[in-house]
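Here are a few exercises to work through with the model open beside you. Try each one before reading its solution.

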Amino acid sequence: MGSQDSRSEAVDFTTDIFNEPRQITVSDTYNPNVDVVLFDGGCSDLLKDIPSNSVDLVITSPPYNIGKKYEKKTSLASYLKDMEPVIAELIRVIAGTGSLCWQVGNYVQKGEVFPLDIYFYEIFKRFDLKLRNRIIWRFNHGLHCTKRFSGRYETILWFTKGDEYVFNLDPVRIPAKYPGKRHFKGPKKGQLSGNPLGKNPSDIWDIVKQDWEDEVWDIPNVKANHPEKTEHPCQFPVELVQRCVLALTDPEGVVLDPYGGVGSTIIGALQHNRKAIAAEQDLQYVTITRERIQRFAHGKLPLRPLGKPIHKPTGKERIAQLPLEWK
Ligand SMILES: C[S@@+](CC[C@H](N)C(=O)[O-])C[C@H]1O[C@@H](n2cnc3c(N)ncnc32)[C@H](O)[C@@H]1O
């Protein structure tokens with residue numbers, strides 16, 4: 001659990017997005033003046049110390065109640081009920097122009113699927129949040145189901161607290177498929193129709209999980225080969241965090257992850273000069289997070305570069321070919 005004495009320390013920082021040396025200051029209790037608050041304990045204990053309206057973005061993947069080693073599986077109703085006080089606190093700490101990105105998949109009971117975002121949507125609406133996008137985050141690999149179609153996406157519910165909110169599209173534009181496309185009629189006929197910075201990435205993100213899984217699964221026995229992979233069973237890719245951070249906060253903004261895992265949110269925030277706050281109840285994951293911050297500070301944390309094109313198998317890989325036994 002988090003100690004009562006505030007422990008702050010500075011970590012040498014040798015590279016940031018501007019390649020200018022600086023330091024990362026880390027505290028294990030809430031402190032508005034450090035770069036990172038990393039709380040070793042339950043998020044409710046951290047949240048009560050965070051002032052109202054002080055956080056620009058909450059981005060998190062909460063426990064899904066599916067019996068992972070860090071959670072005790074309970075009924076869907078009691079799981080949702082237990083989440084409500086945390087949600088109330090999260091909404092209290094979010095600034096008026098701030099956002100919440102809630103990344104969830106399915107709760108499965110005796111083969112029946114309960115899409116968690118449907119249940120959470122209703123809770124967030126009761127708190128008067130406004131849904132701006134239901135982002136589909138799709139990937140190509142995972143468990144192969146035998147009695148239903150295999151699940152290949154999860155969702156991120158992006159809510160804002162109010163009608164005035166931060167949304168920066170330009171930093172997250174992606175290359176257009178046909179940048180040379182022109183208006184073919186009307187007053188703009190002949191002029192380029194796109195944006196030189198690229199197009200809106202839309203609400204379906206192939207992003208990295210596909211690539212992540214490809215790299216993980218296409219190289220048998222080298223599961224940990226993905227540059228970001230740690231021992232955590234449900235890490236989300238830093239690139240997913242980066243897209244939310246860049247679009248939904250301004251530089252120097254504050255990003256909070258109440259279910260911090262191995263610190264992917266912290267890393268995504270630091271990469272873009274934002275402050276980060278996270279709680280994690282499992283000491284093993286807190287330790288990995290601290291190591292990741294250290295390695296990041298020294299420019300030694302392997303990360304998949306933002307916007308790197310998704311890996312496409314050439315078909316020549318042994319694993320992509322029809323095995324002899326099936327010919
Ligand atoms: C789905 S994982 C998040 C993984 C994270 N997004 C990452 O990339 O590493 C949920 C995490 O929440 C932690 N957790 C569960 N209940 C918690 C609580 N009440 N307070 C803080 N952490 C909690 C679990 O130990 C687990 O690491």
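Two strands pair if DSSP finds at least two bridges between them; strands (E, at least two residues) and helices (H or I, at least four) are DSSP runs, numbered from the N terminus. You're looking at a predicted model, where local features need pLDDT of at least 70, side-chain atom pairs count only at pLDDT 80 or more, and totals for chains, interfaces and linings use all residues. Residues are numbered from 1 along each chain as its sequence is written.

**Exercise 1. Find the pairing partners of strand 5 (residues 94-104) and say which sense each pairing takes.**

Step 1: start with strand 4, which pairs with strand 5 in the parallel sense over 5 bridges. On this side, look for T60 opposite W102.

Step 2: turn to strand 9 (residues 153-160), which runs antiparallel to strand 5 and is joined to it by 6 bridges. Here S99 faces T160.

Step 3: check how covered strand 5 is. Counting a residue as buried if 20 or more other C-beta atoms, placed from the backbone, lie within 10 Å of its own, you get 8 of its 11 residues.

**Exercise 2. Describe the geometry of helix 2 and what its buried residues pack against.**

Step 1: take the span. Helix 2 covers residues 76-93, 18 in total, and reaches 26 Å from first C-alpha to last, close to the expected 26 Å (1.5 Å times one less than its number of residues).

Step 2: look for a bend, the angle between axes fitted to the seven residues ending at a position and the seven starting there. At E84 there's one of about 30°, and the proline P85 follows within four residues.

Step 3: pick out the buried residues, Y79, I87, L90 and V93. They pack against helix 1, strand 4, strand 5, helix 3 and strand 11.

**Exercise 3. Which residues touch the most other members of the largest nonpolar core?**

Step 1: build the core by joining buried Ala, Val, Leu, Ile, Met, Phe, Trp, Tyr and Cys residues through C-beta atoms within 7 Å.

Step 2: among its 62 residues, the answer is V36, L57, V58, C101 and I266. Helix 5 (residues 238-248) gives the most to this core, 8 residues.

Step 3: zoom in on L57. Leaving aside neighbours within four places in sequence, its contacts (C-beta atoms, placed from the backbone, within 7 Å) include S99, C101, C244 and V255.

Conventions:
A residue is buried if 20 or more other C-beta atoms lie within 10 Å of its own, exposed if 12 or fewer, and partly exposed in between; C-beta atoms are placed from the backbone. Two residues are in contact if their C-beta atoms, placed from the backbone, lie within 7 Å.
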